[in-house]
Amino acid sequence: MSSHVINYDLDPSKRVPLVAGNNDFKSVTDIICAPVEQPAPSWWWIATAASGSVLLLLLSMLGYLFWEGIGIWGLNNPVAWGFDIVNLVFWVGIGHAGTLISAILFLFRQKWRTSINRFSEAMTLFAVICALIFPAVHTGRPWVDYFLLPIPNSMAIWPNFRSPLLWDLFAFTTYFTVSLLFWYVGLIPDLATLRDRAKTKTRKVVYGLFALGWRGANRHWQNYEKAYMILAALAAPLVLSVHSIVSFDFATSQLPGWHTTIFPPYFVAGAVFSGFAMVISLMVIARELFGMKDLVTMYHLECMNKVILATGSIVGYAYGMEFFVAWYSGNEYEAFAFINRAFGPYAWAYWIMISCNVISPQFFWFKKLRTSIPVMFIISIFVNIGMWFERFVIVMTLHRDFLPSSWGYFRPTWVDLSTLVGSFGLFFTLFLLFLKFLPMVAMAEVKGVMPAANPHLGHHGEGH
Amino acid sequence: MVERTEKLTGFLADKLPKILLLMGTLSLAFCAVSYGANPRQVLFSYMTAFIFFLALTLGSLFFILIHFLTRAGWSVILRRIAETLMNNIGLMAILFLPIAFFGMHELYHWTHAEAINDVILQKKAGYLNIKFFFVRAVIFFGIWFWLARVFYNNSVAQDATGDHSHTLKLQKYATFGVILFALTLTFSVIDWVMSMTPHWYSTMFGVYYFAISTVLSLCVITILAMTLRRAGFLKNEITVEHYHDMGKLVYGFNIFWTYIAFSQYFLIWYANIPEETIWFREHFMGSWNAVAVFLVLGHFVVPFLGFMSRHVKRNLIAHFVVVCWMVFITIVDLYWIIMPNFSPEGIEISLLDFAAFMGIGGLYFGLYFLRLRKHALFPKKDPRLEESLHFHNV
């Protein structure tokens, strides 16, 4: 241990080191490769079995749905949109942290992203997969999904290009494709590392195949950096576009409570908010179990918590703005929609949303709380719950439409609930497979932000 | 350590402020004289100029807040230029007085006696009434003035002592400062601009003005830095790397502006509800329609294509042309937002439009250079100054 401890909070001229402990390149590689190379620990088998069985629950619910039709869901006449769209928006939102961290933080040169980007990009992909299930099955007839695609067909029926639901299809597939490419490009050098370290033939061949013949040559790195920059630039607007288009699903309507101009940026902020919360929930556990505390330090977690606080405040601003303008507009229907949200039959959901999304992140104002593992874990779970309820509250605006005689109440059926739970099974199964088979931290990038990678590193060594 | 020119001297420090102040006073005097003949024109021209310079001041305040909030290093060298802009908020408060004393009736028809018979305006009377309007104005300026003073004074004080505690204090203030900023900016623009069409509402309006002010202030900070460079100041300190980064921010925030402006328009167009579309109908009347199309091209297409390249951002002449264009197009944007309330049939450019801009602008930049020469041109003992000086784009 070095004798002089720098308090980075008190010395603005120093920057917090992004890799803690006495690590060099070799030890970083060892730490990150360990979970992939060593036999899976018993908890991994238990967790995978558990989430696999929850995944089976999802599959059986989908099977039941295809067999029986959407009558098994809780939808009713005023509430024609139910859990499927809530879950869709929830999962897509979770999928926003990855691209924000990889693209926008990259463009803003936030170097702390290197320890968490791989992890959250993987999370993004899996969350988008979960999300895509819901629109694909929401009619209960997945075999006619090809109607969504603008392909010439013998029936001469085209999708309605003016429908935001169709834009969703384009937005999601673009987002998924670019995120996948981005993630994969970033993985290539690390896959090559795994290939070079492989002890068995199979590993060598499989990792070698996906490493695309990477040798770490100067020219490879040059192309890599260029590709990464271009993908980051392409992915940055996608961070905004996907959730903006999701918000259009609601905001292009004429429904009070749905139709409001602030929806696009408000949804994007909410998505980033929930995505970061999910990263915190998972990272707090993963760094503990895999011994990655030197790579994902308290500083990283604190930065993420600050982003949660900031985006949570933007979400709070949007809630407030909606409420204010609902009153300011002098439009009684608009005002009713909001008063009904807060004090109507779904007031319970509204206040869950407010407490989880607006009140709970406020604890992060205090350094002590935002650097406490249990506190941040609990708050991140609250934020996830709150963001699910936000979409629920928005969708449930439907339950009291313009005709009081048709007012109703939506109750999810056991199938609705099991499908939601099941989607977590899919997410966690994919995630656990990722943790086992791919390096969860971007080795090459983390090394790039270590002092040893700095060509101007002084002649004075660190204390030995 | 290299010797650096710290203080502004010469033409920019001595002659220019006098010229600007004289120009400003004369132009405003011209506005005042014309007030008798054409009060409406004077007030609307003045208001447009006022909102423009307010956007510049608030955008600079945001630049400073975000600088401390994110503990930025690269932008330290540019900070004094922005701080001095931000510090003009006191002048803006004084310039608001003519609007408060003479402008209410002409600018805001919710103040008229007939408003009593307007059902919708009656519902809003709890918010849109003169007394509360003034109370809010005092609160907005109070908060901005206080924030600007705290940030400016601490920054200047650090020049003498180099004490880190100033940086730490401002980092703390930036957190709640940015929240106060968001709320005051939103409600001030609702009061001063959105309520000119008092029936109309849009939850995005505050964000729209925020986008305008951010792009504008980034451009003006760049222009000022280049002006100083031209006069031989901070030539080796503010390098092409800093301009490149400022260019990226201008580019990014301009796309953000487009995103916000488009979303607001698009959602209103798509839902097609009369009480919302009315605003765009008024802003698409006659030749205003041509202005709207010009904005799409000039505010989005041209900079989007023209400013994308790294070479343009790193070529200071090309960069200068682009940011000047952005300032111009921001004026067009604000003119398009405000002036259709004055001349609904179409654009009517008046000499008074120019006089108001030159008036407020003259006082604004006259005072700016007077203040800039008082202290060092950059925060010379900022703990992150070295980081800023040695900063390189990858």
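**From a core tryptophan to the fold of chain A**

In this predicted model, Trp192(B) is in contact with Met47(B), Phe50(B), Ile51(B), Leu54(B), Phe96(B), Tyr108(B), Phe133(B), Ala137(B), Phe140(B), Phe141(B) and Trp144(B), where residues up to four places away in sequence are left out of the count. Phe50(B), one of these partners, shares with Trp192(B) the distinction of having the most contacts inside the largest nonpolar core, a set of 294 residues. Helix H2 of chain B, which covers residues 39–69, supplies the largest share of this core, namely 20 residues.

Attention now turns to chain A as a whole. Its secondary structure comprises 16 helices and zero strands. The C-alpha trace of chain A extends over about 80 × 55 × 40 Å along its principal axes. The radius of gyration of chain A is 24 Å, and because a compact globule with 464 residues would have a value near 23 Å, the two agree.

The contacts and burial of chain A can be considered next. Among contacts in chain A with a separation of 6 or more, 81% are made by residues 24 or more positions apart. Of the 464 residues in the chain, 54% count as buried.

The surface and the charges complete the description. Chain A has an accessible surface of about 20,400 Å², and carbon and sulfur atoms account for 69% of that area. Chain A carries 30 positive and 25 negative charges, and the mean positions of these two groups lie 9 Å apart.

Technical notes:
Residues are numbered from 1 along each chain as its sequence is written. Chains are lettered from A and ligands numbered from 1 in the order in which they are written. This is a predicted model: local features need pLDDT of at least 70, side-chain atom pairs count only at pLDDT 80 or more; totals for chains, interfaces and linings use all residues. Side-chain values use heavy atoms; hydrogens and water are left out. A nonpolar core is a set of buried Ala, Val, Leu, Ile, Met, Phe, Trp, Tyr and Cys residues joined through side-chain atoms within 4.5 Å. Buried means under 20% relative accessible area, exposed over 50%, partly exposed in between (1.4 Å probe, protein chains only). Helices (H or I, at least four residues) and strands (E, at least two) are DSSP runs, numbered from the N terminus. Contact means heavy atoms within 4.5 Å. The radius of gyration is taken over C-alpha atoms; the globule rule is 2.2 Å times the number of residues to the power 0.38. Accessible areas come from the Shrake-Rupley method with a 1.4 Å probe; for residues, only the protein chains shown count as cover. Lys and Arg count as positive and Asp and Glu as negative; His and the chain ends are not counted. The place of a charge is taken as NZ of Lys, CZ of Arg, CG of Asp or CD of Glu.
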